[in-house]
Amino acid sequence: MYRYLSVDLDTPRKNDDGTNAKPTVEDCLESFFRPEDRELKCEKCEEGNEATQTMRILSRPRALLVHLKRFKLVEVGQGKDYEVAYQKNRAPVDLSKDLTLDSFLSDKHVGSIL
């Protein structure tokens, strides 16, 4: 079984001395799988309710492809000169030899993938 995840490469976390630390693949996956609060509205009555969206990996993949999205949209300028542009995140990513998906799996599956 094969899985493909396209995850954002977030701004690097900070070291104890305040300098930027290299982001890791685990950092990117934690951000991707972080629970998200959303407001849902009923199509019929227009009444809104809050819900928490949580994603999990249901079954352990034999192979996992992780695409790190390095580009993000940024706003440039103000007023009539307002534009939207792409900005590349050039931060080096720290890759470890072992990747554990335990915290991202549904409760049924645990163990090392690699």
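## Cysteines and disulfides

A disulfide is taken here as a pair of cysteine sulfur atoms within 2.5 Å. In this predicted model, a search of the whole structure by that criterion finds zero disulfides. Two cysteines can nevertheless be described by their surroundings: Cys28 is buried, with a relative accessible area of 3%, whereas Cys45 is partly exposed, with a relative accessible area of 47%.

## Salt bridges

How many salt bridges does a search of the whole structure find? The search returns three, and each of them can be described through its two partners and their exposure.

In one of these, the side chains of Lys69 and Asp8 meet with a nitrogen-to-oxygen distance of 3.5 Å. Because Lys69 belongs to strand 4 (residues 63-69) and Asp8 to strand 1 (residues 2-8), this salt bridge ties together parts that are 61 residues apart in sequence. Lys69 counts as partly exposed, at 33% relative accessibility, and Asp8 also falls in the partly exposed class, at 43%.

Another salt bridge joins the side chains of Glu36 and Arg38, with 3.0 Å from N to O. Glu36 has a relative accessible area of 39% and is therefore partly exposed, and Arg38, with 41%, is likewise classed as partly exposed.

Asp102 and Arg60 also form a salt bridge, in which the closest N and O atoms are 3.9 Å apart. This pair links distant parts of the chain, since Asp102 lies in the segment after strand 6 (83-88) and Arg60 in the loop between strand 3 (48-53) and strand 4, the two residues being 42 apart. Asp102 is partly exposed, with a relative accessible area of 33%, and Arg60 is partly exposed as well, with a value of 24%. The cut-offs place a residue in this class when its relative accessible area lies between the 20% limit for buried and the 50% limit for exposed.

## Nonpolar core

The largest nonpolar core of the model has 13 residues, and those with the most contacts inside it are Leu29, Phe33, Ile57, Leu101 and Phe104. Which elements give two or more residues to this core? They are strand 1 and helix 1 (25-32), and of the elements that contribute, helix 1 gives the most, with three residues.

Leu5 offers a view of strand 1, the element in which this residue is found. Leu5 counts as buried, at 12% relative accessibility. The C-alpha atoms of Leu5 and Leu68 are 8.5 Å apart in space, although the two residues are 63 residues apart in sequence.

## Nonpolar surface patch

On the surface, Phe71, Leu73, Tyr82, Val84 and Tyr86 make a nonpolar patch of about 600 Å². Strand 5 (71-76) and strand 6 are the elements that give two or more residues to the patch.

Within this group, Leu73 is found in strand 5. Is Leu73 buried or exposed? Leu73 counts as exposed, because its relative accessibility of 56% is over the 50% cut-off for that class.

## Asn89 and its polar contacts

Asn89 has its place in the segment after strand 6. With a relative accessibility of 18%, Asn89 counts as buried, a class that requires a value under 20%.

The side chain of Asn89 takes part in contacts with the backbone of other residues. A polar atom of this side chain lies 3.2 Å from the backbone oxygen of Leu9, and the side chain of Asn89 also reaches the backbone nitrogen of Ala91, at 3.0 Å. As for position in the fold, the C-alpha atoms of Asn89 and Asp16 are separated by 22 Å, the two residues being 73 residues apart along the chain.

Note on methods:
Residues numbered from 1 in each chain as written. Predicted model: local features only at pLDDT ≥ 70, side-chain atom pairs only at ≥ 80, totals over all residues. Heavy atoms only, no water. Salt bridge = Lys/Arg side-chain N within 4 Å of Asp/Glu carboxyl O. Helix = DSSP H or I, 4+ residues; strand = E, 2+ residues; numbered from the N terminus. Buried < 20%, exposed > 50% of the residue type's maximum accessible area, 1.4 Å probe, protein only. Patch = residues over 30% accessible without salt bridge, like charges linked within 9 Å, V, L, I, M, F, W, Y side chains within 5 Å. Areas by Shrake-Rupley, 256 points an atom, 1.4 Å probe, with all protein chains shown as cover. Polar contact = N/O pair within 3.5 Å; in protein donor to acceptor, adjacent residues only side chain to side chain. Core = buried A, V, L, I, M, F, W, Y, C linked by side-chain atoms within 4.5 Å.
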